[in-house]
Amino acid sequence: MAQMTVLEALNAAMAHELQRDPEVVLLGEDVGTEGGIFRTTEGLQLRFGSHRVIDTPLDEKGIAAHAVGMALYGLKPIVEIQFSGFIHDAFEQIMFCASKYRWATGGMYTVPMVVRAPSFGGIRGGFWHSQSPEPYYLHGGGIKVIVPATPRDAYGMMLAAARDPDPVLILEPVPLYRSLRGEVEDNGIAVELGQADIVRAGRDLTLLTWGPLRHDCLGVAQALQQERGWDIEVIDLRSLVPYDEDAILASVRKTGRLVIAHEAPVSGGFGGEIAAMVQQKAFGYLHCPIERVAPPDLPYGYAGADQFYRPNERRIRAGIARTMEFQI
Amino acid sequence: MKFEFKLPDIGEGIHEAELLQWSVQPGQRIKEGQDVAVMNTDKVAVDLPSPRSGTVVSLHGAVGDVITVGTVIMVLEMQDASAAAVAAAAHPGPDAAADSAVPSAPGPASGEANKSEEGYFAAGPSVRRLARELGVSLAQVAGSGPRGRILRTDVEAAGRLAPVAAAAPAAPEPVTARTPARMPGHTPGRTLRRERLAGARLTSARNLHGSVQRSVTTTTTFEVPGDGLLRLQSILAPQAQLHDLKLSPLHLIAKCVAAALVRHERVNATIDEDTQELLLRESADLGIAVAAADRLVVPVVYGADQRLLFDLVRTMDDQARRAREGQLLLSELSGGSFTVSSTGGMERATMLSTRPIINPPQTATLWVSRIVDRPRVIQGLLSAGPMLTASLSFDHRFIDGAEAVRFINDLADLLEHPERALG
Amino acid sequence: MSSKDTPPATFTGNPRPCVGPVLERARELGIRQVLDADGALAGDLPDPDLPKQTLLKMYRTMLTVSAIDARGWKLQRSGRIDFWIPSRGQEGSHTASTMAMEPSDWIFMASREPGTMLARGATLLQLFAQFFGRAEEPLKGRRLPLLLGDRRLNIVPCMTIVGSYIPHAAGAAWAAKIKGDDTRFIVYFGDGATSRGEFHSAMNFAGIHNPPIVFLCQNNGWAVSTPNDRQTASATFAEKGDAYGVRNLRVDGNDPLAVYSVTRQARDEARELGPTLIETVTYRLGPHTSSDNPDLYRRSEEAEAWRRWDPIPRFRKYLERRGFWTAEEEQQFLAALELQLDEAVHTAEAMRQTAPAEMFDDVFAQPLRSLQEQRAQMLADLAGEA
């Protein structure tokens, strides 16, 4: 057991896999010699060699595409996209090649690769360095999408991603890289993907989220317990494809109230998909409409946006209050 | 908005009247034209109808009071905007100025929508579901929520009144509990058919009738292992907790009794002493005896055999609570077909048997003990284990020994395997 | 004036004058050849002196490709299959290069290479089952006709988006190199694909990391309606390799022996000397696909002029000159082929269609529960249940 930051946990997981499985390789811009611009892959090229931790040209599409080819042949590439805002050039390769080979080849060829993308807002990064791109990757099937928000989850879920026979997109929580430290058992045991984490149990309302917002939501829930006596259940979904329907439904059947908070803009965000599923399967349990707390449909700005564009404490509180005060 | 009903000049130029009785009570939803009181004017008793629909907020005047015309006798909370507007139009008065701002029909006018954060809808999903469980028809419930929306409390209130006819079939629900094919909807005292006393029975009854005008009570005591009840209780406990309920053996016993009763219609019947007829019915309307402050009261759960278990639990608990608080309605205290009493919660000494008294006009009643560890013989071996003792009293005029034993056999089987009474 | 002399009223094609096939100037332009237009040994490359069996296999495969093409057109035009991608005129370019690879080498094919499948042992039935979209062929009927592949033959079917898979092939080759395997790779793509970003990515990475791969660009003159000089300002496609430090050459794509030779050499040298970009100069005699009408953009004289360089009669003359083939053998072979095609078509057409439930397989290694629910719902809906 060790105390690790999110960054250290990711590094430890990748190191573990590189050690354990000779077919694992890392590629990306500046991942080798420099150890990644965030130092996420620090020390790995020295340890495992430049043929396994590979510095690539500046070409996200090319990086992703070559990783697809490597995976077809039997390696297990872990690709770093330097920022999730840069991932879009690789979108076709990820969504229409990597995610589709198994299906398009009748199961003959598969692509066990991981794409890592530092994501989410809170580092004063502006539009291209604060993105939450998961909505684009949730549609059409063939790739798993995970969003760990704690050191323990970063470690366990990175291991799971590296071992998955299918493509996995891992959106890493940049603002938490160094700021969040926690207990991690560095034992090489992966977390099973597709399970949510009940961060805080409650009876009055289900507050569902993922990524760094997990921590904001927990703070709000704890404060509201003191101030208003509301007993709010906070769920960190952790995994978006597949996602833990059962946990969400069990919670909504208990509380009858659902607020979903995410950092991607509201329209077409995953909150809408979850709301549709919940009204389909737990309709009779709903006391009131399902609420989404998410940014408006516009880009993430630079100055001040971390405070008011990203769902902040006040906006989360407002969403919860609207829901709790709805007469049932 | 509030409406004050002032005692009108009922006619003949009277200027006062005596209040003979109230026909409604505070909290009750009433419709325009519904009788709210009986007034006496010079020996003529007159029903007083309400000019508006709404919920009764308060009644002013005690029975026997002489009330002057023009005095406010009742205050209503009106919810139906259209009724208000129509009434205002029909009866221009001080209300008209306020009402004119209200739209003539309910529904989300775009201006209105800006004012409230929620749109208009008749009832939310969970409220509709509650209505289905209680067998309440939403069409007959007026809402006290924003813009006329039916709230949970409206449905619960409606459910406490005389139950309405069976609601529409439940919508498919992907929940673990089974949705029954039809919901409990039973008018108290509604019977299936009548059976005349005839033949040997009539003779026997007449013989007994000559002595005292009361039932001939015979009591049989029996015991069953309580393992099945305890096991089912613990299996269902987590699910019950999800519904915010705490499951007790009495709940399960009630379900078993209800299931047994519908198989033995004479045990489930009531007696019409005047015509010496047995009134048989379709469903088990089970009275559960509850110890209130200074006496025993027996609220009735209608259609107990048809209710989902958790619905039964909720109803029993709610009735028990209101019984202790003295808030049961008259309609809940009559019309049962069978009574179960349990002193389990109060027992300290182990009660071995009793001779429960039948609750007229029923034909039988059951007392059950606490489930207690006692010595027992299972397959020839002596051991200790949970045992339930029960005493069945039945009216020997209408139920003979063999019938009683058959009933007890069925009941015992269900109590040993209570899961057979579910679903 | 016949309709062949005047372009149709709707002709909006490139108004440049029709030039003769560039192969007429092969020597001048450095396009490698073994044979001349008549199949005589007159090129700058020597006869590779392949065994007779190899030569005959190559030729028969080319004949089969041509016969499949003719048959496929009939099936498409009569509505029995939905779509056809012709390969007429390019039989030599892909068949010969495929045969230059070892069976353990990986091939990433495109959409005009049925000979690649045949040369490695795929049956006619398997091909026609794919054309008809049947459930029992390796791709389970999921792809358009001619988007072929089979792992048992080490042939990867292409991702439909033109050029998108070039770096997949390069990445796979790179992986083999990292693992220390002796596997070589070849990837087929057309002139149009070289404009796409993935071509650039693949070439760029390849120049740096030297994967053991042959990039085989079949320049057939047209990308749908876009001729070479609207595809690139570069004089040739091969020389694009110079910018990336990748060896490159141009070869007469309709000279099977030349194609074989250069591919074989590139393949053999791939481990020591790195990747090669080979541009095969050939011609698309037919339309782009069954949905295309070339009369809208190119003159028929151009295709006519290219018939002089048709690889099949050219190679036949070579074989006859060497005494390996006769007109009688050809006649017999073609007659037997027609019967085999009849049988393959008939059997394939009768094969089982894919069932709706089968659509749900292979999305993930383990189906997600949501997909299983969707499948159950779909099957219930289709069965007419409420």
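## Helix packing and chain contacts

In this predicted model, helix H8 of chain B (residues 249–261) packs against helix H9 of chain B (residues 309–324) at an angle of about 115 degrees, and their axes lie 10 Å apart. The crossing of H8(B) and H9(B) is right-handed. On the H8(B) side, the residues involved are B:His251, B:Ala254 and B:Lys255. They meet B:Leu309, B:Leu312, B:Val313 and B:Met316 in H9(B). By class, the contact of H8(B) with H9(B) has 5 nonpolar, 1 polar and 1 charged residues.

Contacts between chains follow. Chain A and chain C meet through 32 residues from chain A and 35 residues from chain C. On the side of chain A that touches chain C, at least two residues each come from helix H3 (60–73), helix H4 (91–98) and helix H5 (101–104) of chain A. H3(A) gives the most to this side, with 10 residues.

The contact between chain B and chain A takes 14 residues from chain B and 14 residues from chain A. Helix H4 of chain B (residues 125–134) gives the most to the side of chain B that touches chain A, with 4 residues.

The table sets out the residue classes of two of these sides.

| Side | Nonpolar | Polar | Charged |
|---|---|---|---|
| Chain A, touching chain C | 17 residues | 10 residues | 5 residues |
| Chain B, touching chain A | 5 residues | 3 residues | 6 residues |

On the side of chain A that touches chain C, 17 residues are thus nonpolar and 5 are charged, whereas the side of chain B that touches chain A has 5 nonpolar and 6 charged residues.

Key. Residues numbered from 1 in each chain as written. Chains lettered and ligands numbered in written order. Predicted model: local features only at pLDDT ≥ 70, side-chain atom pairs only at ≥ 80, totals over all residues. Axes fitted to C-alpha atoms, helices over the stretch in contact; angles between N-to-C directions. Left-handed = near helix turned anticlockwise from the far one by under 90°. Contact = placed C-beta atoms within 7 Å. Nonpolar A, V, L, I, M, F, W, Y, C, P; charged D, E, K, R; others polar.
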